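Work through the exercises below with the model open beside you. Try each task before you read its solution.

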Amino acid sequence: MDLTNAFDELQRNVNADIDQVTLARDRRDIFKKAFKGEDDVLEVFGSGSLARSTQLRPVHDVDLIVVFDGDKHPGWGAPGTSAEDALGHAQDRVKALLGMADGRVDQLVRLAKPRDRAVKCFIDPPEQDDAFTVDVMPVLRQPDETLLLPSKRNKQWNTADPEYLIKEVAAQQRKWAFFRPLVRVLKHWRLGVPTKVKSLVIEVLALQCLPTEGNRQNALKSFFTSSAVEVGYGVEDPAKRCGPIQPDLDISILRTALEEARNLAELACAAAADGKTDEAGMYWRDIFGDDFPESSSENHVGAAASAAVVTPRVVKDAPQG
Amino acid sequence: MGAIIALSIGNGPVIPTPLEPKNHFLCSGDTCSGQLWYRADPDLHAMWWNARRLNKACQLEAFKNCIAGGWRNPPSTGSYLALTFSPDAPAKFPDVDITEFAAWLVTAEGVTPVAVEVQSSKVGMAQLSATWPTKTMSEISVLVIGLGSIGGAAAHALAEYGVGTLRLLDPDRLLAHNLVRHVGPPEGVGRLKVDVIKQQLAALRADTVVETHPWDVIESAHLVRGLLLSVDLVLCAADGVAARRVVSHLARRAKKDAVLACVLADGSFGEVIRLRPWHDHGCLVCRRATLADKGGIDPEPGLDAGYGTGTTHRPMTAVGGDLHLLGRLAAKTAVATVLERRGHTDQKLPGEHLLLALRPEIGWAPPFDLTRNGETRWLPHTPPRPGCPTCEPA
Ligand SMILES: [Zn+2]
């Protein structure tokens, strides 16, 4: 198998199941339709990885942002209990519009529970593993186009710009058709890092460090090189609103994992440049695990175990002064 | 040796084609008119190439037959220079290096090919763009603090790597006794060192924009803080411990990488330290304290006497070539640092602290126990020490 096909197969293995994505979109659209009919709602749109098309299988949650009309909720946006009020209002509306018992638009939601920033709406039974949920976040639009997000816990509202990330990812995708697919591959890769890494961390690192040209192998090598350095400076909200994305991130463990991936990618690219496709594939399998297809002629020796897969190249005596 | 400084077509007006730069040595040469240019058949340029290879002249008649028009015979006892122009020549002879322009000395006895050099319209770093990330480099900005012998060489090297913007910071003027080691020329004596370097780079490396700040890094720390916001990295080649500590502190607070270069032990060793503002990497003071605890280095006496009270300028014990070598190594370290962060895998460094033996003698404590000239040693970073006012969050 050549590397292009191997990467295509990795991609298929990583991509969210298309039926699941369709189902998630359908459910999101029912929520959209329901809230768009409300007279105190100005806009409804998806955020999160589904909206950025960087979702990883399996899809079991969808984020929905509902922009309410501040004029109709004059207390909202102020510190204190108004954050909780907004979440309570959203909870009531979900029940009235989509509640399983007597939803006016559809009967979809078994349980709607306000969390810190959003109302978690269970469509599957909540006790089920990976229960499908829609997170409905009530927000206000500010004059500078940014959003005010409630935090029940902190009794305040924070400025955020979730649309920024959506736009940035879309812009990178326009430059390079492999951008979103590779973000999914990298989010999948992070699941093997021996510490918890939020998927948004990888998404932001990809925006900073994933090239938007060339072939996938070199782009990944460049990503691992760049992000192994970049994590040292901290991974922050790219819209520069919310500070560190994951304050409890163990940077040293993530850096080590990125450096190991970088070293393997370097070997893989060198092997590929040497025409040794099978060996290159072995290194990529060391990075991505079983989702990267095994080459037919591979003799099941881990690439890392066999040290000299790349033939040393001899320097030509063609001096340049 | 000559250059074309004006040309005309037929009896048309004479159009000046001034030489660049304006202080080019041929600008003060004699002017002579009466030379000619012709449009020519591509075959003539193949003849030029061949005649130069065989080192022989061509026949006047053969030359004349290849000229498109406006032919003028040479005087019976003299000569003129002819420039021939054949835009199709390179395409007609793709296997050999046949050029659009050729030059000749035309006499009644024969026509001798003359070497001609055409200045390309493609100049500067862009010529290297196939193999060097010139565009990325052109977007990089580096603050160089200290433009002495090391810093001056570092500034030159940074420009040679294609750094787009250099901000130079040093309050000192170039003095006569500096010349023995500094990259600055004798005519620069009395000028600010930052201006001397700026002028040199304007002439040599036009791709690099140079800004000057004739400030002392310690006295103007508040201004340096602002400058740091607009740069990718700071390279410090300042004398003395205090200035280096200030740079280490300010760079870390600004979340910028710093590269510090110096020579130690009267020029026995060169040292390049990279400071990254990472949570597990210590600042300069922490690195030095760790090294001192291991007996590797002796803190400078009077170090804690406060800013500006310690000795600053070192005596001249190192030679210019070694100082320039250090400046260039520091520049290479700086460039590797910014390029690795941008995904260039070939820019990884072996460590965070380079020692280079310049004039090693036996008997120095580790890690300075290098015994052979030119020997290098890369050391890792050391972690922040508890209670460090630089490393702990403000
Ligand atoms: Zn420190």
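A residue counts as buried when its relative accessible area is under 20%. Keep in mind that this is a predicted model.

**Exercise 1. Decide whether B:Pro74 is buried or exposed, and find what surrounds it.**

Solution.
- Step 1: Locate the residue. B:Pro74 lies in the loop between α2 (60-65) and β4 (79-85) of chain B.
- Step 2: Apply the cut-off. The relative accessibility of B:Pro74 is 10%, so the residue counts as buried.
- Step 3: List its contacts, setting aside neighbours within four places in sequence. B:Pro74 then touches B:Leu60, B:Tyr80, B:Val106, B:Thr107 and B:Ala108.
- Step 4: Take one of these partners, B:Leu60. B:Leu60 and B:Pro74 are 14 residues apart along the chain, and their C-alpha atoms are separated by 9.5 Å.

**Exercise 2. Describe helix α6 of chain A: its span and its burial.**

Solution.
- Step 1: Find the helix at residues 179-190; twelve residues make it up.
- Step 2: Check the span. From first C-alpha to last, α6 of chain A reaches 17 Å, close to the 16 Å expected at 1.5 Å a residue.
- Step 3: Check burial. Twelve of the twelve residues in α6(A) are buried. Among them are charged residues, including A:Arg180, A:Arg184 and A:Lys187.

**Exercise 3. Show how A:Gln11 meets residues of α6(A).**

Solution.
- Step 1: Place A:Gln11 in helix α1 (residues 3-14) of chain A.
- Step 2: Judge its burial. A:Gln11 has 9% relative accessibility, so it counts as buried.
- Step 3: Read off the contacts. Not counting residues up to four places away in sequence, A:Gln11 touches A:Pro181, A:Leu182, A:Arg184 and A:Val185. These four residues appear among the buried residues of α6(A).
- Step 4: Look for a polar contact. The A:Gln11 side chain reaches the backbone oxygen of A:Pro181 at 2.8 Å.

**Exercise 4. Characterise the interface between chain B and chain A.**

Solution.
- Step 1: Count residues. On chain B, 15 residues are in contact with 16 residues of chain A.
- Step 2: Give the area. The two chains bury about 1,400 Å² between them, with 47% of it on carbon and sulfur atoms. B:Trp278, B:Arg341 and B:Thr345 supply 46% of the area that chain B buries against chain A, more than any other three residues.
- Step 3: Count the links. There are five salt bridges between the chains. One of them joins B:Glu340 to A:Arg262, with the closest N and O atoms 3.6 Å apart.
- Step 4: Sort the residues. The side of chain B that touches chain A has two nonpolar, five polar and eight charged residues.

How values were computed
Residues are numbered from 1 along each chain as its sequence is written. Chains are lettered from A and ligands numbered from 1 in the order in which they are written. This is a predicted model: local features need pLDDT of at least 70, side-chain atom pairs count only at pLDDT 80 or more; totals for chains, interfaces and linings use all residues. Side-chain values use heavy atoms; hydrogens and water are left out. Contact means heavy atoms within 4.5 Å. Buried area is the accessible area (1.4 Å probe) that two parts lose on being put together, summed over both. A salt bridge is a side-chain nitrogen of Lys or Arg within 4 Å of a carboxyl oxygen of Asp or Glu. Helices (H or I, at least four residues) and strands (E, at least two) are DSSP runs, numbered from the N terminus. The expected span of a helix is 1.5 Å times one less than its number of residues. Buried means under 20% relative accessible area, exposed over 50%, partly exposed in between (1.4 Å probe, protein chains only). A polar contact is a pair of N or O atoms within 3.5 Å; within protein, one must be able to donate a hydrogen and the other to accept it, and residues adjacent in sequence count only if both atoms are side-chain atoms.
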